[in-house]
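This report describes how the helices and strands of one protein chain are arranged. Please keep the sequence and the structure at hand while reading.

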Amino acid sequence: MDELRTLFLFEKLDEDKLAWLCERGRVVEVEPGDLTVEGEPSRYLFVLLEGEVAILKRVSGVDVEVNRTGHRGVYGGAWNAYLGDRVPQTYPQSMRATRRSRLFVLEAEQFSFLMRDWFPMAVHLLEGLFFGMRGVQEAVSQRERLLALGALSAGLTHELNNPAAAAVRATAGLRERVAGMRHKLGLIAAGIYDKSVLVTLIRLQEEAAERVAKKATQLSPLEASDREDELGDWFDDHGIGFGWDVAPVFVQAGLDVPWLDQVAELVGGEHLGSAVRWLGYTVETELLMNEIEDSTTRVSTLVGAARQYSQLDRGPFQTVDLHELLDSTLVMLARKIDGIQVVKDYDRSIAPIGVYAAELNQVWTNLVDNALGAMAGTDGGTLTIRTWESDGSVFVEIGDTGPGIPADIQGRIFEPFFTTKPVGEGTGLGLDISWRIVVNKHHGDLRVSNSEPGDTRFEVRLPRTPPS
């Protein structure tokens with residue numbers, strides 16, 4: 001009785017009730033291992049006297065630790081027995097002793113009787129709270145998931161559309177150029193060129209294709225315009241009327257006046273115009289194939305980023321490069337980032353770290369999305385992501401140039417359902433979920449390291465020692 005009286009759960013009970021508990025309950029000592037298994041029939045309520053326990057929830061067939069504590073008096077097991085047959089009388093989560101522990105054990109039937117007999121009004125209040133909150137959480141969680149899924153899918157669709165459309169345009173252009181080359185091939189087959197000219201054309205064609213493959217140095221718009229004028233003048237001087245049409249293509253491929261002089265010297269005369277047209281088809285074909293390759297590579301990169309973000313094909317706990325997770329999150333939010341300057345101050349010397357990757361991506365999404373929301377309506381803005389390592393932990397800092405978080409609410413931003421967004425725009429769960437993932441699951445820390453107009457920073461600390 002004296003020991004039970006020291007627990008916060010029983011400290012207000014009188015002597016008769018404490019005696020009733022002692023007559024019907026018992027104290028057990030257990031080695032590390034499972035006390036309850038989620039989904040099995042609930043038989044006992046456990047109250048911790050000494051030691052440490054962890055609470056686990058099954059997600060997609062994997063037990064995920066949601067809490068761990070050695071605080072005396074914490075309880076688990078058949079805690080909802082008083083709800084009767086209105087809920088399945090099975091253990092709602094698993095409870096595991098992480099080291100040798102002592103616990104007070106009470107059968108579920110006895111606990112149910114205790115609650116209904118001693119605290120009838122409290123039972124009614126708890127029933128209303130339980131079923132009401134469950135309905136609210138289901139509705140809000142579903143809404144939150146749908147909003148997140150909609151935002152991510154819209155962003156990904158937008159990003160995929162650009163390279164896909166570019167590939168379609170390039171394919172249409174390539175079809176036209178190949179048709180032109182077939183026409184020229186027909187003229188060659190008709191024998192209008194002698195053998196020496198034909199050999200020279202093929203050699204020039206190969207040389208032009210090699211130049212395109214090497215990808216010429218990028219020119220500024222002004223430099224490109226000057227080069228096009230030079231080539232246009234050269235074509236005019238040599239009596240080639242369509243030269244201004246192919247000049248931009250030649251400039252893009254890195255072909256210049258000295259190279260055209262070589263062409264004129266090798267081909268010359270009446271065949272120069274046909275040679276330039278033939279080479280123009282070759283260069284355009286190569287450039288269009290490069291564009292298709294770049295577009296499809298971009299699509300593949302986006303799909304890879306989506307897979308990296310969702311972690312669909314990987315285990316829940318894995319050793320990863322945090323920068324890959326951060327980059328994949330930025331790809332998923334690219335549509336929202338449009339118009340915002342992104343500064344990546346990454347410490348690339350940080351070695352991979354063991355984390356729950358998919359859930360950390362949820363943290364990055366919430367923090368980056370909040371930062372972008374804070375800068376909405378401003379003229380531009382800067383999103384800064386910084387990483388470093390110190391004292392056995394890896395740090396990730398996400399900063400924005402928004403108006404900052406008022407000092408009077410900084411202490412509440414991690415509370416569930418607390419939000420500063422207008423009604424209908426926020427649920428107040430993003431930072432709460434992020435805090436639980438970082439602190440409860442990774443045994444790290446999430447805090448506001450600085451908040452003032454133009455400089456707000458959230459800091460995430462992840463310990464190197466993986467959660468056991």
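## A helix across the four-stranded sheet

In this predicted model, helix 3 (residues 108-118) lies across strand 3 and strand 8. The helix runs at about 70° to strand 8.

Strand 3 and strand 8 belong to an open sheet of four strands with the order 1-8-3-6, in which the pairing is antiparallel. Strand 1 (26-30) and strand 6 (75-77) stand at its edges; each has a single partner strand, so one side of each is left without a neighbour in the sheet. On average, and with direction ignored, neighbouring strands here are turned by 35° against each other. The antiparallel pair formed by strand 3 (residues 44-50) and strand 8 (residues 101-107) extends over six bridges. Within this pair, Y44 has E107 of strand 8 as its bridge partner.

## Two packed helices

Two packed helices are described by the angle between their axes and the distance between the axes. For helix 6 (residues 221-237) and helix 8 (residues 257-266), the axes come within 10 Å and cross at roughly 20°. Angles under 35 degrees count as roughly parallel, and helix 6 and helix 8 are therefore roughly parallel to each other. Their crossing is right-handed.

The contact involves E230, L231, W234 and F235 on the side of helix 6, which meet V257, L260, D261 and A264 of helix 8.

## The five-stranded sheet

A further open sheet consists of five strands in the order 10-12-13-15-14, with mixed pairing. Strand 10 (341-345) and strand 14 are found at the edges, and each has a single partner strand, so one side of each lacks a neighbour in the sheet. Neighbouring strands of this sheet are turned by 15° against each other on average, direction ignored. Strand 10 pairs with strand 12 in the parallel sense over five bridges, and K344 has I385 in strand 12 as its bridge partner.

Helix 10 packs on this sheet and touches strand 10, strand 12, strand 13 and strand 15. The direction of helix 10 makes about 165° with that of strand 12. Helix 12 lies across strand 12, strand 13, strand 14 and strand 15, and runs at about 25° to strand 13.

## Nonpolar cores

In soluble globular proteins, nonpolar side chains tend to be buried together. The largest nonpolar core here has 38 residues, of which L322, W364 and L383 touch the most other members. Several elements each supply at least two residues of this core, including helix 10 (322-332), strand 11 (353-356), helix 12 (357-375) and strand 15 (455-463). Helix 12 gives the most, with nine residues.

Leaving aside residues up to four places away in sequence, L383 touches residues that include L330, I340, V342, V368, L372 and I398. A second, separate core holds 29 residues, among them F242, L255, A275 and V283.

## Two loop residues with positive phi

D391 has a positive phi of about 50°, although it is not a glycine. This residue sits in the loop between strand 12 (382-390) and strand 13 (393-400). The relative accessibility of D391 is 79%, so it counts as exposed.

H443 is also a residue other than glycine with a positive phi, near 55°. H443 lies in the loop between helix 13 (430-441) and strand 14 (445-452). With a relative accessible area of 34%, H443 is partly exposed.

Note on methods:
Residues are numbered from 1 along each chain as its sequence is written. This is a predicted model: local features need pLDDT of at least 70, side-chain atom pairs count only at pLDDT 80 or more; totals for chains, interfaces and linings use all residues. Side-chain values use heavy atoms; hydrogens and water are left out. Two strands pair if DSSP finds at least two bridges between them. Axes are lines fitted to C-alpha atoms, for helices over the stretch in contact, and angles run from 0 to 180 degrees between N-to-C directions. Contact means heavy atoms within 4.5 Å. Buried means under 20% relative accessible area, exposed over 50%, partly exposed in between (1.4 Å probe, protein chains only). A nonpolar core is a set of buried Ala, Val, Leu, Ile, Met, Phe, Trp, Tyr and Cys residues joined through side-chain atoms within 4.5 Å. Angles under 35 degrees count as roughly parallel, over 145 as roughly antiparallel, 65 to 115 as roughly perpendicular and the rest as oblique. A crossing is left-handed if the near helix is turned anticlockwise from the far one by less than a right angle, and right-handed if clockwise.
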